[in-house]
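Visitor: Please show me the structure, and then let us discuss how its helices and strands are arranged.

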Amino acid sequence: MTVDYLQMTDIHKSFGSVAANSGVNFSVRRGEIHAILGENGSGKSTLMSMLSGIYTPDSGAILLDGRPLNITSPDDAIAAGIGMVHQHFKLVDVFTATENVVLGHRDSFMVKRRAAAERITSICRKYGLKVDPNKKVYAMSVSEKQTVEIVKVLYRGASLLILDEPTAVLTPQEISSLFDILRNMKQEGCAVIIITHKMNEVMEISDRVTVLRKGESVATVNTSEAKVSDLIEMMVGRQMELDLKRQPVSPDRRRLLLKVEKLTVHSREGAARVADMSFEVFGGEILGIAGISGSGQKELCESIAGLNRASAGHIYLEGHDIVKLSPREIVRRGVRMSFVPEDRLGMGLVGGMSISDNILLKSYRNDGGFILNRRPSKEISQEIVREYDIQTPSIAHQVKKLSGGNIQKVLLGRELNLAPLVLITAYPVRGLDIGASYLIYDILNRQKEAGVGVVFIGEDLDVLLALSDRIMVISQGVNMGVYPAEEVTKDMVGMMMMGKTLEADDAQYS
């Protein structure tokens, strides 16, 4: 009989009147990789935050090797051998790997750097990790930074590792390396918990899966005996059709709408974030853009939308060169373009304003006079709420009080109400649950069918390859190539994301 290493029994946690966890039962064994699945708001992060000492349960028991465990702080969790690697890394860029690993350690000021580096090297050998102890964090790739975070918790003696969305910003090759590390840790008897939303990765790497829904634990199943469709039904409470179908591009709709020519965009510090980039977008197609986070996607989108001034090059939209125009000037030219930024409540919407007032933001300058006519925006708001099934008490409800999926639907609804010819979307499903994500994918497909040219910047390469007609890969601000989606694989895209040309590597990775 397999004995559980850690048990969480009848765990309850509420924030005010909201029950985040209600009677949750969860366990993990030594030498096991255990995935936790659930939609946004299902209680995954809250449960793991209690295990890592960020929150304290209102009631329930946590047992480690059969003994009661009282975790009231991260220090208690670390002392118990529990470490968590967060989705957003907590590293000091100007420090070396060694300095980051010992930082915050109880005796960090007394630790000899050479001895610490030797211990780090020993940990790396044991688990198959690759870390240069003397390398500065700012010079590391995303996967190297993640590895440093893993070494940090192992250095502190962790035998139970919690990973929150560990593959969100990794290339396929980096994901494969991470999974090798996790398998090595499993072989060494560690317990590994993964919070993720990527079903294919759950099926590949985990031994068991626990599904949460609305703060409750629905079931724990052996991965080898589970079907993806059954797991999704447990997550959302109903059956869902998850096939992403790429509709063929209609020849009569395929006309050139957007042409970017030798575009260069610099940061405020003078570094080239987009370098001599050229590409085209046609009506009735989805152009997917892949790239490691921070490769220039944000600057590219913002320069096309007029929010970021380009240093050189041209942006032709419906024949108009808009490269030097502000967003307001672009609208005055009659150019029909909509932009859905990744920062929904920073750049896209005003969180403290109502749904109807956020709709009004796009049109109030067209009214003229000193008195705003709110009736049109209210009517449009009602229509958007109905069409996109936005769950809200009313159109007067503050946007920031909506769920992530509903916020995104408000933003998309407002932008699509402008009847754009070109739609630019940056990470439109980031942070959304499965149901909301597939609704967004359906919306993008409907726009494509209507003849809109859609630019879709995403993180999930499986989705990008399934949904897009063509794929453009960016590496450090450089366009590595544009290819028909059906002619490239995830490995090919991953190599280009790391800066290697397809011509040199396609034979090896096809």
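The following exchange treats a helix pair, a strand and a sheet in turn.

Guide: This is a predicted model, in which local features need pLDDT of at least 70, side-chain atom pairs count only at pLDDT 80 or more, and totals for chains, interfaces and linings use all residues. Residues are numbered from 1 along each chain as its sequence is written, and side-chain values use heavy atoms, with hydrogens and water left out.

Visitor: At what angle do helix α14 and helix α15 pack?

Guide: Helices (H or I, at least four residues) and strands (E, at least two) are DSSP runs, numbered from the N terminus. Axes are lines fitted to C-alpha atoms, for helices over the stretch in contact, and angles run from 0 to 180 degrees between N-to-C directions. The two helices are therefore roughly parallel (a term for angles under 35 degrees). The axes of α14 (residues 404–416) and α15 (residues 434–449) lie 10 Å apart, and their angle is about 10°.

Visitor: Which residues of α15 meet α14?

Guide: Contact means heavy atoms within 4.5 Å. From α14, G405, Q408, K409, L412 and L416 take part, and their counterparts in α15 are A436, L439, I440, I443 and Q447.

Visitor: Is strand β3 largely enclosed or not, and how many of its residues are buried?

Guide: Buried means under 20% relative accessible area (1.4 Å probe, protein chains only). On one side of β3 E32, H34 and I36 are buried, and on the other I33, A35 and L37 are buried. Strand β3 (residues 32–37) is largely enclosed by the rest of the structure, because the buried residues number six of the six.

Visitor: Which residue of β9 stands opposite L37?

Guide: Two strands pair if DSSP finds at least two bridges between them. β3 pairs in the parallel sense with β8 (residues 191–195) over five bridges, and with β9 (residues 208–213), also in the parallel sense, over four bridges. In β8, E32 faces A191; in β9, the residue opposite L37 is V211.

Visitor: Which are the edge strands of the open sheet of six strands?

Guide: This sheet has mixed pairing and the order β16-β17-β18-β13-β19-β20. An edge strand here pairs on one side only, which applies to β16 (337–340) and β20 (478–484).

Visitor: Which residue of β20 is the bridge partner of R470?

Guide: β19 (residues 470–475) and β20 run antiparallel and are joined by six bridges. Within β20, the partner of R470 is P484.

Terms used
Parallel < 35°, antiparallel > 145°, perpendicular 65-115°, else oblique. Buried < 20%, exposed > 50% of the residue type's maximum accessible area, 1.4 Å probe, protein only.
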